[in-house]
Amino acid sequence: MKRKLSYITLSALVSTSFLATTEIETEADSKIQSSIEKHASKHAQDTAHPQFSWGTPGPSSPVLHPGSVRGAGMVAAPLKEIDSVMKEMIQNDVMPGAVTLVARRGHIVQHEAYGHAALYKDDQETKLEDPLKMTKDTIFDVASLSKIFTTIAAMELYEQGKFELDDPVAAYIPEFAQNGKEDVTIRQLMTHTSGFKPWVPLYTIGETKQGRLEHVFQYPLANEPGSTYTYSDLNMITLAVIVERLSGMPLDQFVKEHITEPLDMNDTMYNPPEELKDQIAATEYQPWTNRGLVWGNVHDENAWSLGGVAGHAGVFSTANDLAKLGHMIINDGRYGSKQILEPETVELLVENQIPQFPGDEHGLGWEVGQGWYMDALSGPTAIGHTGYTGTSIVINRSNDTVAVLLTNRVHPTRETVSTNPARRQFARKVADAIPVNVPHKSKTWFSGYGDQDSQTLTAEVDVTEDSTLSFKTWHRIEPGYDFGKVQVSEDGETWTTVGESYTGLSADWTQEEVTIPAGTNFIRFNYETDSYTNGRGWYISNPMLDNNTLSFSSNDWVKRNY
């Protein structure tokens with residue numbers, strides 16, 4: 001989808017900036033699991049630009065810049081609540097610290113740092129004498145977010161005509177053509193459908209980078225190519241070698257020259273120099289690799305054994321830099337005056353390439369619509385990725401929104417609770433800050449959010465003959481897991497669902513009619529959710545019974561006029 005870009009002058013950018021304040025165990029140690037993902041007060045306007053509602057963000061700036069909440073077409077309250085979410089997560093030892101960044105239409109509307117970048121010196125949680133506070137510019141080992149860089153690098157070579165997506169990998173790495181891998185394609189590497197198992201402990205194998213790569217090239221498949229989706233680091237390790245052979249330069253050099261330098265991602269790199277250590281978030285204490293506290297070096301053992309530069313891990317970056325990458329995707333491959341990718345290539349990156357594996361929707365390198373971390377930002381135009389160290393990025397292209405959450409959750413050990421609840425709550429707050437354009441600007445009932453909950457909006461009625469309940473509705477409900485239901489009851493205790501249940505995404509506001517049977521004394525809208533992941537919620541406007549206005553009450557639903 002082509003997007004209108006608002007190319008504004010430097011003076012306009014400067015003026016705008018003043019509007020805001022801102023499963024497989026290793027052979028070395030059966031306890032060590034693979035390092036891949038499994039599945040101050042602020043002042044801002046509370047009223048959004050009405051034309052910049054959900055799904056209609058308006059023109060987007062060509063570059064990221066400090067902006068106002070109002071200018072982004074958002075509302076301030078949910079963004080302010082991100083503070084309490086992060087502070088609670090840190091208090092509950094989910095992670096020592098975090099950095100968040102939210103941008104819409106190019107306006108950075110939220111960018112904060114919480115907790116500590118380095119707090120412990122060993123895996124017994126012995127505190128450092130001088131703990132390092134987190135800052136907005138803290139550099140993180142982004143772990144598997146590195147896969148995004150590898151894929152973009154490969155797609156730049158694709159644009160140059162160096163390969164086709166369905167070419168066999170063996171055409172570019174002849175030694176790959178063994179043990180059933182002769183027909184594996186480059187597209188299958190990018191979509192994790194090659195048949196590789198998730199992970200092997202390369203750092204325990206051989207003595208050299210080349211020897212470890214040869215181990216990958218000869219490694220047999222666990223499944224027939226194209227038959228299954230299995231998220232695997234081996235795919236991106238292999239893809240990186242293709243990039244290097246076709247470009248004639250090391251992966252880190254190619255990424256620097258073709259991605260990070262053009263995007264002014266000045267704090268993004270592989271193998272950070274020692275002098276940057278105090279700007280980097282510490283990760284894990286690793287006695288099994290004899291590295292002690294890993295701080296300023298890549299956390300992933302396999303990437304470390306490959307010299308710190310690998311297709312699956314190795315990139316260090318900041319929230320601001322990653323947001324630039326995300327904004328480039330929103331603007332169809334362009335950032336400012338630099339065209340990184342052609343719009344048609346961006347579409348290949350972000351569209352679901354594997355519809356045959358529902359639930360594992362995946363573009364080229366990017367994950368699509370994964371509610372387990374995207375939550376209410378999720379949808380068919382939402383893409384993103386996570387990293388094992390506690391990092392994630394979500395981009396909702398319908399809303400021109402980028403949400404970056406970087407944490408050091410593996411500091412000082414990976415034996416922590418999941419970061420996914422933090423990811424979901426963060427994404428939920430961001431989504432809630434994007435207003436829904438309600439009909440006629442009238443106050444509209446909103447279901448709110450919930451996990452393993454039943455949220456009801458109830459009216460008492462006296463229906464003596466079959467009648468018609470009419471209402472307008474808009475919903476973004478987790479498809480197949482959460483449901484909106486119209487229910488009726490005679491006694492207020494036993495409820496029966498009438499009409500069809502609502503789940504998934506409505507195209508827009510729709511007018512609905514449901515038959516209410518005679519004898520009904522109570523009508524309710526019931527929003528039922530499973531144990532985790534919410535969509536953007538359920539909105540009900542102007543509910544009437546046979547053209548008569550109903551009086552609803554609820555402890556769960558709220559009235560909104562945005």
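The following questions and answers go through a predicted model of one protein chain.

Biologist: Which residues does the UniProt annotation "domain: Beta-lactamase-related" cover?

Modeller: The structure itself is a predicted model, while the annotation comes from an unreviewed UniProt entry. Over the annotated stretch the chain is 29% helix and 19% strand, and its end C-alpha atoms are 10 Å apart. The record gives the domain as residues 83-426.

Biologist: Which helix gives the largest share of the largest nonpolar core?

Modeller: The largest nonpolar core has 93 residues. Those touching the most other members are Phe149, Met190, Leu325, Ile329, Leu349, Ile393 and Val404. The largest share of this core is eight residues, and they come from helix H7 (residues 233-247).

Biologist: How many residues are in the second, separate core?

Modeller: Among the members of the second core are Met74, Val94, Val102 and Ala382. It is separate from the largest core, and its residue count is 41.

Biologist: Which residues does methionine 190 touch, not counting those up to four places away in sequence?

Modeller: Methionine 190 is one of the residues that touch the most other members of the largest core. Its contacts include Thr151, Ala154, Met155, Phe163 and Leu165, as well as Met236 and Leu239. The rest of the list is His362, Gly363, Leu364 and Gly365.

Biologist: Which element supplies the largest share of the lining of the largest cavity?

Modeller: The largest cavity has a volume of about 70 Å³. Its lining is made up of Lys209, Leu213, Ile237, Ala240, Val241, Glu244, Leu306, Val309, Ala310 and Gly311. Helix H6 (209-218) and H7 each supply at least two of the lining residues. The largest share, four residues, comes from H7.

Biologist: In what order do the strands of the five-strand open sheet lie?

Modeller: The edge strands are S20 and strand S26 (552-553), each pairing on one side only. Strand S17 (residues 454-460) pairs with S26 in the antiparallel sense over two bridges, and threonine 458 has serine 553 in S26 as its bridge partner. The pairing in the sheet is antiparallel, and the order is S20-S19-S23-S17-S26.

Biologist: Is strand S19 mostly covered or mostly uncovered?

Modeller: S19 spans residues 483-489. Seven bridges join S19 to strand S23 (residues 522-528), with valine 488 opposite isoleucine 523. Four bridges pair S19 with strand S20 (residues 496-502), with valine 486 opposite valine 498. Six of the seven residues of S19 are buried, and the strand is mostly covered.

Biologist: Which glycine in the turn between S19 and S20 has a positive phi?

Modeller: S19 and S20 form a hairpin, with six residues between them. The positive phi in the turn is about 80°, and the residue is glycine 492.

Biologist: Which are the edge strands of the three-strand open sheet?

Modeller: The strands lie in the order S5-S9-S6, with antiparallel pairing. Two bridges join S5 to strand S9 (residues 315-317), and aspartate 141 stands opposite phenylalanine 316. An edge strand pairs on one side only, and here these are strand S5 (140-141) and strand S6 (269-270).

Biologist: Which two residues does a cis peptide bond join?

Modeller: Most peptide bonds are trans. Here omega is about 5°. The proline of this pair lies in the loop between strand S15 (401-407) and helix H13 (420-432). The residues are histidine 411 and proline 412.

Biologist: Why does aspartate 264 count as partly exposed?

Modeller: Aspartate 264 lies in the loop between helix H8 (251-260) and S6, and its phi is near 55°, a positive value in a residue other than glycine. Partly exposed covers the range between under 20% (buried) and over 50% (exposed). Aspartate 264 falls in that range because its relative accessibility is 41%.

Biologist: Is asparagine 547 buried or exposed?

Modeller: Asparagine 547 has a positive phi of about 70° although it is not a glycine. This residue is found in the loop between strand S24 (537-545) and strand S25 (548-549). The cut-off for exposed is over 50% relative accessible area. Asparagine 547 has 63%, so the residue is exposed.

Conventions: Residues are numbered from 1 along each chain as its sequence is written. This is a predicted model: local features need pLDDT of at least 70, side-chain atom pairs count only at pLDDT 80 or more; totals for chains, interfaces and linings use all residues. Side-chain values use heavy atoms; hydrogens and water are left out. UniProt positions are given in the numbering used here, feature names are shortened, and annotations may be inferred rather than shown by experiment. Buried means under 20% relative accessible area, exposed over 50%, partly exposed in between (1.4 Å probe, protein chains only). Two strands pair if DSSP finds at least two bridges between them. A nonpolar core is a set of buried Ala, Val, Leu, Ile, Met, Phe, Trp, Tyr and Cys residues joined through side-chain atoms within 4.5 Å. Contact means heavy atoms within 4.5 Å. On a 1 Å grid over the protein atoms alone, a cavity is a set of points where a 1.4 Å probe fits but cannot get out, and a pocket is an open set with protein on both sides within 12 Å along at least five of seven lines; lining residues have an atom within 4 Å of a point. Grid points are joined across faces, edges and corners, and a volume is the space filled by probe spheres set on the points.
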